[in-house]
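Trainee: I would like to learn how to read a metal site and a ligand pocket. Can we work through one case?

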Amino acid sequence: MGTALLYDEEMTKYKLLWVDPACKIEVPERLIVSYEALVRSGLSDRCISIPAREASDSEILLVHSELYLEAVKKTPYMTLEDLKEFTLQFGDVYFHPNIYHCAKLASGSALQLVDSVMTGKVRNGIALVRPPGHHSMHGAANGFCVFNNVAIAARYAKQKYGVKRVLIVDWDIHHGQGVQYCFEDDPSVLYFSWHRYEHQNFWPNLRESDYDSVGKESGTGFNINVPWNNVGMENSDYLSVFCHVLLPVAYEFCPDLVLVCAGFDSAIGDPEGEMCATPDIFAHLTHLLMNLAGGKLCAVLEGGYNLTSLAQSVCQTVQTLLGDPVPQLANLRGPCKSAIESLQCARSAHRRYWSFLKHAADPPMTDISTKHIKSAMEEEEKTEMAEEERCTEGKVWPEPPERLCPPVCSASVLPDDVVCPDGLKPLSSSKDLEPLLVSKLKTAAVDGDGVTTFSRLYTLVEKLVANEIRNGLVLVPDVAAAMMCVVQDLTSDLVKRVLVVCVGKEKELDYVTTDGKVLVVQISSEDSEEHRSKYYIPVCLKKGCSDTSGFIQAVLGLLLPLGYEYNPDLVLLVRMPGSGVVDSMWQQLIGLLQGFAKGHTLVLMQVNEKACMGSTASALLGHPAPPLQDLQTPFPEDGDALERLRERLQADWKMLQTTS
Ligand code: X5A
Ligand code: ZN
């Protein structure tokens, strides 16, 4: 199962034919540089190339009015003067004799992509298209958009494949108001958008782009807006909104298909967005969506006007769709004040519709008078910034580092009598252990076989760290002892930071260091509050790990932000015997954890838990996790406890902040 790439040079063959400062950034080179970057990096060769096609009238009419379609149909025959005049009835858009043809190809490309994914020809894919789509409305072109490619694709997927729930994630820096209008009253399509807003002072300056537009009628709760009221948002701000707003709702919604309005004007250097998130953030945004809907993800290009930033961001997205390890993000310092306010507003606006947000705090003070003061303060913050720092043309950022795939994806250390799951490479060679460690193992009553296992485990850790192997699965007679060994003796001088995720009960975790070399997050039904420290974080769920609702909430709202801020070099995932964790949740956890430490995850399991070896192997090999279906309403006390824990930890871990 591969990744589809849709591209047709024809879509570079229209451009602005007159002077219009509002439209001059939407150039054919946007598509050319994006595609060329994929070719140059060798990524396009690794994708499955799918031909574009024109969308039919009836497909376009899934979203647009007959009147509008008939009007656009006439544009290829118009004179320059006619085109200019035709353009005038819409906002920030231009027409060209060839744009109708390109617009049909753009929508048709999105539909070809949906077909490829829904028929199982590919797992996921991207369509590089012009014109973009998310601003166009039922009867109007707008914001460089003619037909609403993604909205048409969503309706098409529902109609042709009987898809029940579609999630649309719009990470473009503009509000896709066309998509919002299309699905406002439709609970089968959940639309999420973040966008530069500046208290309605940024284009398209709509009141309905604010966080309180949550949808209408039966679609109430299925429209999520996160307005950015300041420029200069960074990686931390974007990830915080994913962890604390989008992902909880997306997992509760449980889509059958994910569509991405993949605009890259939200990246650094873009003259429209003026944001500061780096191109490698898109590797993470993509990765975080790849375990929803069983991996069925279709990305369709929208905006992106800094050609360098655009090309890099497209490459990051495609490389992630292909399953390459995601890059580490250093120095995430938590969301800025303005971002916290935005996400707090969005969370509180939606807490009555989504049980995973039920415990969100009240919105910060918002009456008209304070809004003005806030605006003024934010304005001041902006002007305080050095002019050259704000000037996007002058912005420079390092090129994202190369993402090297280790020669081996997944290796295993198993007892001799256990058959190795398909695709895993059994590790046979073992290294001589230090005598000190051997004697330590002996005193811990580890037998000869155990010593062999531990020496292989040591070899595996070394190879992970050396980037020779991406991840590993180890079956041991005693996970608690193995965990202690790995944490104490094996990793300390090899890796700077180890994130230990312990699933299930284990009381003796107090050997954890306080120097920050190890961060332990333990999810269980055991309350070990008295041992709590910055680097030892026990999460207590009433029904333990068997409660998938509580578990996924803890993973999204706690573990992910902690992991991002900690930025480990190795993730040690320990499955305590009898943890009760459900298979699909276990696979989701493994999938999500692979966003850390360049995918270097080491899974420790007890020999008698062979039954879940297959699903563990599948997740380690990068296969999408099955969706978490029919989630129960979480226990209120768990939500409360999680919220309290998060509040308490906010001082130490800024990525946990959800309130100002
Ligand atoms: C698709 C897209 C932006 C339009 C900006 C008009 N459109 N000022 O990014
Ligand atoms: Zn945009």
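Mentor: We take the metal first, then the ligand. This is a predicted model, where local features need pLDDT of at least 70, side-chain atom pairs count only at pLDDT 80 or more, and totals for chains, interfaces and linings use all residues. Residues are numbered from 1 along each chain as its sequence is written, chains are lettered from A and ligands numbered from 1 in the order written, and side-chain values use heavy atoms, without hydrogens and water.

Trainee: Which residues coordinate the zinc ion (ligand 2)?

Mentor: Donors are N, O and S atoms within 2.8 Å of the metal (3.2 Å for Na, K and Ca); water is not among the atoms, so sites may look incomplete. Here D172 (OD, listed twice), H174 (ND1) and D265 (OD) coordinate zinc at 1.9 to 2.6 Å.

Trainee: Where in the chain do H174 and D265 sit?

Mentor: H174 is in the loop between β4 (166-170) and α8 (177-183), and D265 in the loop between β7 (257-262) and α10 (281-289), 91 residues apart. Helices (H or I, at least four residues) and strands (E, at least two) are DSSP runs, numbered from the N terminus.

Trainee: Are H174 and D265 buried or exposed?

Mentor: Both are buried, meaning under 20% relative accessible area (1.4 Å probe, protein chains only).

Trainee: Which polar side-chain atoms approach ligand 1?

Mentor: A polar contact is a pair of N or O atoms within 3.5 Å. D92 lies 2.7 Å from a ligand nitrogen, and H135 lies 3.3 Å from a ligand nitrogen. The Y305 side chain is 2.5 Å from a ligand oxygen. Taken alone, ligand 1 exposes 310 Å², and the protein buries 97% of that (Shrake-Rupley method, 1.4 Å probe).

Terms used
Buried means under 20% relative accessible area, exposed over 50%, partly exposed in between (1.4 Å probe, protein chains only). A polar contact is a pair of N or O atoms within 3.5 Å; within protein, one must be able to donate a hydrogen and the other to accept it, and residues adjacent in sequence count only if both atoms are side-chain atoms.
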